[in-house]
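Subject: Handover of a structure for your review

Dear colleague,

Please find below the structure that I am passing to you. My notes on what was found in it follow directly after.

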Amino acid sequence: MSRSKVVALNFGAGNSKLRKAFPCEVERSKRKTLALHVTHKKVVVRCPYQASRAELAEFVNDNRDWIERRLLEESQRYRQSLRIERNAKIFYRARELTIEFKEGRKERVLVNGDRFIIQGHKLTNARARVLVEDYLIDKASNYIVPRAKGLARYLGVDHKITEVRLRKTKTKWGHCTSTGVLQYNWLIMLAPCSIIDYMISHEVCHLVHMDHSHRFWNLVESVCPDYEHYIEWLQAHEHRFWF
Ligand SMILES: [Zn+2]
């Protein structure tokens, strides 16, 4: 794969005066078709090695409206991403709370009304972040691990579990391997219990069906009837949990 940077306006859009330029990166690889990938600050065009400049320009210009809409969406999502600092907003259990740093010898995190309080001695943002991480990992091990094992027992597959891991991964909420390792992203503890329970069910059901077949989703539905609603909720809000 090779990368090269070009600015989309160089492609010469017809009415480019009215439109904003956006950084556009070209990623050439063995693929056969053209595709667009939009993040909060740039557009990546994925294309075959032999794609010509004219072809790329046409492709980008044909998709300009879509690209501009996606850039806007992504920048909104980016602005909402979680920053652990004084007075920042944290989307906790579907409620927007304000982060407060509190001076105190004892280090702890507590939620009181609409305040998400992080307590410590001369707290820095970096230390506050660690405290929130520890808080969520602790909550995850007390909640997710026993519930995953309990549900597996109910479904008669507890013997298949070799380990329940808690790990912050880049994009995924959970994972289940064929060797019986259930993995959960502890950031999910920022979500409401119903959402956490859905994630728990999803991975445990993979111990029965290692795919996303109808049989798998039927099983998920049998233990978590509103799962479709929870998937939608996650898609709409999950970008606010990563820090
Ligand atoms: Zn799955």
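In which helix is Asn61 found? Asn61 belongs to helix α1, which covers residues 53–62. Please bear in mind throughout that this is a predicted model.

Confidence

The mean pLDDT of the protein is 91, and 92% of its residues reach 70 or more. Residues 6–17 call for a separate remark: the pLDDT over this stretch is below 50, and beyond near neighbours in sequence the stretch has 19 contacts in the model.

Helices α1 and α2

To return to Asn61 in helix α1, this residue is classed as partly exposed because 16 other C-beta atoms lie within 10 Å, where 20 or more would make it buried and 12 or fewer exposed. Asn61 and His212 are 151 residues apart along the chain, and their C-alpha atoms are separated by 36 Å.

Helix α2 takes in residues 64–79, which is 16 residues. At 1.5 Å a residue, and counting one less than the number of residues, the helix should span 22 Å; its end C-alpha atoms are 22 Å apart, so the expected span and the model agree. Helix α2 is also hardly covered, as the count of buried residues among its 16 residues is zero.

Strand β7 and two loop residues

Val111 lies in strand β7, residues 108–112. With 14 C-beta neighbours inside 10 Å, Val111 counts as partly exposed. Leaving aside neighbours within four places in sequence, Val111 is in contact with Tyr92, Leu97 and Phe116. The C-alpha atoms of Val111 and Val43 are separated by 39 Å, and the two residues are 68 apart along the chain.

Two backbone angles may be of interest to you. Arg93 has a positive phi of about 50°, although Arg93 is not a glycine. Arg93 is located in the loop between β5 (89–92) and β6 (95–103). With 14 other C-beta atoms within 10 Å, Arg93 is partly exposed. Lys122, also a residue other than glycine, has a positive phi near 45°. The loop that holds Lys122 runs between β8 (115–120) and α3 (125–154). Lys122 is exposed, because 7 other C-beta atoms lie within 10 Å and the limit for that class is 12 or fewer.

Packing around helix α4

Two packed helices are described by the angle between their axes and the distance between the axes. Helix α4 (residues 193–205) may be taken with each of its partners in turn.

With α3: the axes of α3 and α4 come within 10 Å and cross at roughly 45°. That angle makes α3 oblique to α4, and the crossing is right-handed. On the α3 side the residues are Tyr143, Ile144, Arg147, Ala148, Leu151 and Ala152; these meet Ile196, Ile200, Ser201 and Val204 in α4.

With α5: the axes of α4 and helix α5 (residues 214–223) come within 9 Å and cross at roughly 140°. Helix α4 is therefore oblique to α5, since an angle must be over 145 degrees to count as roughly antiparallel. This crossing of α4 and α5 is right-handed. Ser201, His202 and Cys205 in α4 meet Phe216, Leu219, Val220 and Val223 in α5.

With α6: α4 and helix α6 (residues 227–237) pack at an angle of about 110°, with their axes 10 Å apart. The two helices are therefore roughly perpendicular, as the range for that class is 65 to 115 degrees. From α4, Ser194, Ile195 and Tyr198 take part, and they meet Tyr227, Tyr230, Trp233 and Leu234 in α6.

One further residue belongs with this group. Is Asn218, which is placed in helix α5, buried or exposed? Asn218 counts as exposed, because there are 11 C-beta neighbours inside 10 Å. The C-alpha atoms of Asn218 and Ile196 are separated by 19 Å, with their positions 22 residues apart along the chain.

With kind regards

Technical notes. Residues numbered from 1 in each chain as written. Predicted model: local features only at pLDDT ≥ 70, side-chain atom pairs only at ≥ 80, totals over all residues. pLDDT = per-residue confidence, 0-100. Contact = placed C-beta atoms within 7 Å. Helix = DSSP H or I, 4+ residues; strand = E, 2+ residues; numbered from the N terminus. Axes fitted to C-alpha atoms, helices over the stretch in contact; angles between N-to-C directions. Parallel < 35°, antiparallel > 145°, perpendicular 65-115°, else oblique. Left-handed = near helix turned anticlockwise from the far one by under 90°.
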